[in-house]
Amino acid sequence: FIVVKTFDLQQLQSTAFKETLRIFLSTVDGRFALYRALLATVFGALFVIARNRIFTSVKITSAEWALCFLSALIILDRSRVSHAAASHFLPHFSIFINAIHLFFKEAWVGGAIVLTTVFLPFYRKSKQLGVHAFSLFSMHLSFVFAIVAVTGAYIVWLHLKNPAYIFTTQWGGSFLVLSLFALLLAGMRFYHQFISDKACAGLTVG
């Protein structure tokens with residue numbers, strides 16, 4: 001990201017790469033991108049050092065908590081240069097809400113990746129274990145979707161700034177359409193959570 005942004009700025013200013021890099025790193029965007037790079041380096045080093053202990057431990061380890069903390073810092077860093085930072089309404093609180101939104105979106109996507117690459121192979125060995133993994137992930141998704149929906153509504157409100165704009169602007173119209181889809185998906189989630197998952201668990205036990 002830093003290299004690409006430096007090349008873009010270099011084309012605009014017609015300066016040497018080293019000088020352009022210094023200029024970019026002096027900006028808020030460049031400075032926080034450098035912070036993310038440093039945090040990601042620490043994350044990678046800690047994972048390499050503690051991976052054997054993580055993979056062999058039955059319970060969550062202190063190293064995993066540290067990795068989660070580093071992930072949260074990286075996401076908070078990303079939120080610092082988001083639209084929420086430019087909000088005049090409680091900017092620090094808005095940055096925090098945006099960070100929570102991004103964190104749980106990552107938990108959504110990352111959870112799906114981990115389920116299919118790590119837990120799904122267990123399904124071939126034990127059907128009951130596979131159904132249990134899917135059931136736990138379903139509960140995880142319900143919680144994640146709820147947080148993403150609430151924080152997402154707040155972020156939309158930051159853009160609209162006035163409830164009346166919901167009915168008079170393109171952003172407001174999109175928000176209404178997405179809200180209808182969200183209600184539909186919420187209904188489907190409740191159905192899967194309280195009916196489908198229990199039925200699958202019952203069939204497996206039986």
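# Exercises on pockets and helix packing

The second largest pocket of this predicted model has a volume of about 960 Å³. Let's work through that pocket, then a second one, and finish with two helix pairs.

**Exercise 1.** Describe the lining of the second largest pocket: how many residues form it, and which lie nearest its centre?

*Solution.* Start with the count: 28 residues line this pocket. Next, look towards the centre, where F145, V148, A149, A182 and L185 lie nearest. Then turn to the helices: α5, α6 and α7 (170-205) each supply at least two lining residues, and α7 gives the most, with 16 residues. Finally, sort the lining by class, which yields 19 nonpolar, seven polar and two charged residues.

**Exercise 2.** Do the same for the largest pocket: what is its volume, and which element provides the largest share of its lining?

*Solution.* The volume comes to about 1,600 Å³. Around that space sit 31 lining residues, with E64, G110, G111, V114 and F119 nearest the centre. Two or more residues come from each of α3 (28-56), α4 (62-80), α5 (91-125) and α6 (127-160). Of these helices, α5 provides the largest share, eleven residues. By class, the lining holds 21 nonpolar, six polar and four charged residues.

**Exercise 3.** Work out how helices α1 and α2 are arranged: at what angle do they pack, and which residues meet?

*Solution.* First take the geometry: α1 (residues 2-13) and α2 (residues 17-25) pack at about 110°, and their axes are 9 Å apart. Angles of 65 to 115 degrees count as roughly perpendicular, so α1 is roughly perpendicular to α2. The handedness comes next, and here α1 passes α2 in a right-handed crossing. Now list the contacts: from α1 come I2, V3, K5, T6, F7, L9, Q10 and Q13, and they meet F17, T20, L21, I23, F24 and L25 of α2. Sorted by class, the residues of this contact are nine nonpolar, four polar and one charged.

**Exercise 4.** Now try α3 and α4: what is their packing angle, and is their crossing left-handed or right-handed?

*Solution.* These two helices pack at about 165°, with axes 9 Å apart. An angle over 145 degrees counts as roughly antiparallel, and α3 and α4 are therefore roughly antiparallel to each other. Their crossing is left-handed. To complete the picture, the contact of α3 with α4 contains 18 nonpolar, two polar and six charged residues. A nice link back to Exercise 2: α3 and α4 are also among the helices that give two or more residues to the lining of the largest pocket.

Note on methods
Residues are numbered from 1 along each chain as its sequence is written. This is a predicted model: local features need pLDDT of at least 70, side-chain atom pairs count only at pLDDT 80 or more; totals for chains, interfaces and linings use all residues. Side-chain values use heavy atoms; hydrogens and water are left out. Axes are lines fitted to C-alpha atoms, for helices over the stretch in contact, and angles run from 0 to 180 degrees between N-to-C directions. Helices (H or I, at least four residues) and strands (E, at least two) are DSSP runs, numbered from the N terminus. Angles under 35 degrees count as roughly parallel, over 145 as roughly antiparallel, 65 to 115 as roughly perpendicular and the rest as oblique. A crossing is left-handed if the near helix is turned anticlockwise from the far one by less than a right angle, and right-handed if clockwise. Contact means heavy atoms within 4.5 Å. Ala, Val, Leu, Ile, Met, Phe, Trp, Tyr, Cys and Pro count as nonpolar, Asp, Glu, Lys and Arg as charged, and the others, Gly among them, as polar. On a 1 Å grid over the protein atoms alone, a cavity is a set of points where a 1.4 Å probe fits but cannot get out, and a pocket is an open set with protein on both sides within 12 Å along at least five of seven lines; lining residues have an atom within 4 Å of a point. Grid points are joined across faces, edges and corners, and a volume is the space filled by probe spheres set on the points.
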